[in-house]
Amino acid sequence: ATVLFVAVGAIGKAAALTSLELGLMALIFVAATDGFLKGISPGWHTQLMKDYLLALCLLRWAWLSVLGNRRRSVRHSLSLPIVFFAGWVVVELFNARPGSFVVGLAGLRMWTIWLPVFFIAYDTIQSRTQINRIVLFLILLFIPMSAYGIVQYYIGLDHLFRLGPGFDVYRLEYYHGSQKFEWRPPSTTVQPHNFAAGLATVGLLAIGAAFYFGRHRVLQAVIIASVPLMAAALMITAVRTAAGSAVVGIIALLLVIRRVDLAVVAIVLSAIAVPHVTVLTEREANMRLLSIVEDIEYTRSRVFDPLKYAAGYALEHPLGSGIASGWGTGRLTDLQFESLRPEERSIAVENEYGRSMSELGIPGFVLFMWMLIAVTRSNLLAYRTATQRRDRWLLAGIFAACFGMLARLMTGPALYTWPEAPMFWILVAIAARLPEIERDEEMRALAPKPESRAVVLGNTELPWQRAEREAAACAAGRPTERAR
């Protein structure tokens with residue numbers, strides 16, 4: 001186990017130091033296999049491996065800036081809301097209400113850890129080839145993860161429990177009312193929720209990518225086949241937030257692209273995935289997912305009640321309670337309860353929009369919404385600006401994936417959990433760069449060829465004609481102009 005962990009860490013470090021593109025891929029890979037890595041080698045070293053790889057990428061990005069590489073990301077319109085939001089989170093670190101600087105540091109990490117990924121990815125992506133590699137990497141990574149998640153549902157997790165006690169974190173049972181649903185496969189992630197959120201993100205991306213790679217029939221076939229596979233794996237997890245956000249993303253995709261045939265494709269894929277999941281789970285997963293609309297009272301309590309509580313708290317405490325309330329996936333619950341008196345603890349808000357109000361106050365909520373609106377506007381503007389049809393398809397998939405993630409913020413910290421959070425900022429960076437790469441390609445296509453430049457400069461003999469004449473003279477033994 002130790003050898004495997006060290007090998008993964010060494011490969012990730014080498015990738016981050018060799019290339020920022022490889023470093024970002026290594027970061028996503030570690031984030032996507034984090035549950036497996038923690039199982040085979042539990043401890044703080046696996047907890048912080050993602051932080052370590054991100055720090056290496058950030059240091060390399062900063063060092064290249066010192067060497068003179070232009071950092072165009074800081075001039076992008078998204079940089080201002082991101083920096084202002086991060087700055088306010090830093091200010092909240094010194095909020096006197098929490099009474100614990102350690103809790104504040106934990107909150108600082110949770111709110112801001114993945115924000116630098118946008119700047120790194122934006123400056124790293126310089127060509128269409130890089131975009132192709134990153135998109136294919138994400139899709140090809142989640143194909144085996146999806147298959148493994150489905151296999152887990154069939155065979156259980158005993159094969160992991162036999163590897164060591166670190167996998168005991170997977171010994172969970174989930175309940176919904178009187179219904180007991182024991183199996184939510186996590187695949188290689190930390191929790192089924194992380195797995196499902198990643199599937200929702202990459203699945204929506206894959207819909208757009210299938211049309212983007214239309215010139216490569218084999219790749220297109222693989223990507224098209226991956227969509228129902230990911231959909232089936234997503235439904236098997238029975239994670240309502242991810243499934244609901246996937247539906248929201250599909251609706252957003254259809255509204256943007258305005259294609260009836262795509263709606264037909266979505267219906268066909270659903271018709272393929274739903275019956276298989278029904279058979280696999282004996283209708284249990286379907287019943288749980290349908291509870292989103294059938295149990296409206298529960299859905300309302302999960303989405304709207306936290307917002308109401310948070311708004312009331314923000315009116316009483318306009319500057320917030322301080323960061324890291326301790327509630328929600330990835331929050332340091334024990335740390336807050338161990339270090340704070342009852343009157344110092346923040347209210348429980350399992351809704352990131354509401355949490356921004358309760359923790360960051362009214363100014364923080366405004367800055368948080370500014371950042372999210374700016375991201376959505378940037379993605380939509382990229383789609384409308386793109387001139388090539390295949391690029392518009394990819395940008396529509398990215399818009400849908402990111403919009404679906406905004407829906408997941410209603411029930412949890414989607415901008416913190418992994419691998420969805422770093423993938424979100426990478427996709428935002430791709431959307432921001434692709435129209436610019438289009439313009440660069442168009443400028444190169446319109447640029448005069450060497451022959452045209454020679455004529456403009458007044459040369460009666462083109463460069464390739466001169467080269468042929470000198471080669472013939474050399475072959476005949478006559479001196480060339482250069483020799484004379």
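**A tour of aromatic sites**

Select Phe118 first: with a relative accessibility of 0%, Phe118 is buried, because buried means under 20%. Keep in mind that this is a predicted model.

Now add Phe119. Buried or exposed? Phe119 has a relative accessible area of 12%, so Phe119 counts as buried too. Turn to the two rings. Across the model, the count of aromatic pairs comes to 13. Phe118 and Phe119 form an aromatic pair with edge-to-face geometry. Their centres are 5.4 Å apart, and the planes meet at 75°.

Widen the selection. Which residues form one aromatic cluster with Phe118 and Phe119? Add Tyr122, Phe424 and Trp425. Show the five side chains together, then stay on Tyr122.

Next, select Arg433. Its charged end sits over the ring of Tyr122. The distance to the ring centre is 5.4 Å.

Move on to a second arginine over a ring. Select Tyr383 and Arg392. Arg392 lies over the face of Tyr383, at 4.3 Å from the ring centre.

Last stop: Trp63. Where is Trp63 placed? Look in helix 5, which covers residues 49-66. Trp63 has 52% relative accessibility, so Trp63 counts as exposed; the cut-off is over 50%. Now add Val66 and Leu67. With Trp63, Val66 and Leu67 make a nonpolar surface patch. Switch on the surface to view the patch, about 360 Å² in area.

To compare the start and end of the tour, select Phe118 and Trp63 together: Phe118 is buried, whereas Trp63 is exposed.

Key
Residues are numbered from 1 along each chain as its sequence is written. This is a predicted model: local features need pLDDT of at least 70, side-chain atom pairs count only at pLDDT 80 or more; totals for chains, interfaces and linings use all residues. Side-chain values use heavy atoms; hydrogens and water are left out. Patches are made of residues with over 30% relative accessible area and no salt bridge: like charges are joined within 9 Å, nonpolar side chains (Val, Leu, Ile, Met, Phe, Trp, Tyr) within 5 Å. Accessible areas come from the Shrake-Rupley method with a 1.4 Å probe; for residues, only the protein chains shown count as cover. A salt bridge is a side-chain nitrogen of Lys or Arg within 4 Å of a carboxyl oxygen of Asp or Glu. Helices (H or I, at least four residues) and strands (E, at least two) are DSSP runs, numbered from the N terminus. Buried means under 20% relative accessible area, exposed over 50%, partly exposed in between (1.4 Å probe, protein chains only). Rings of Phe, Tyr and Trp (its six-membered ring) pair if their centres lie within 6.5 Å; planes under 30 degrees apart count as stacked, over 60 as edge-to-face and the rest as tilted. A charge sits over a ring if NZ of Lys or CZ of Arg is within 6 Å of the ring centre and within 35 degrees of the ring normal.
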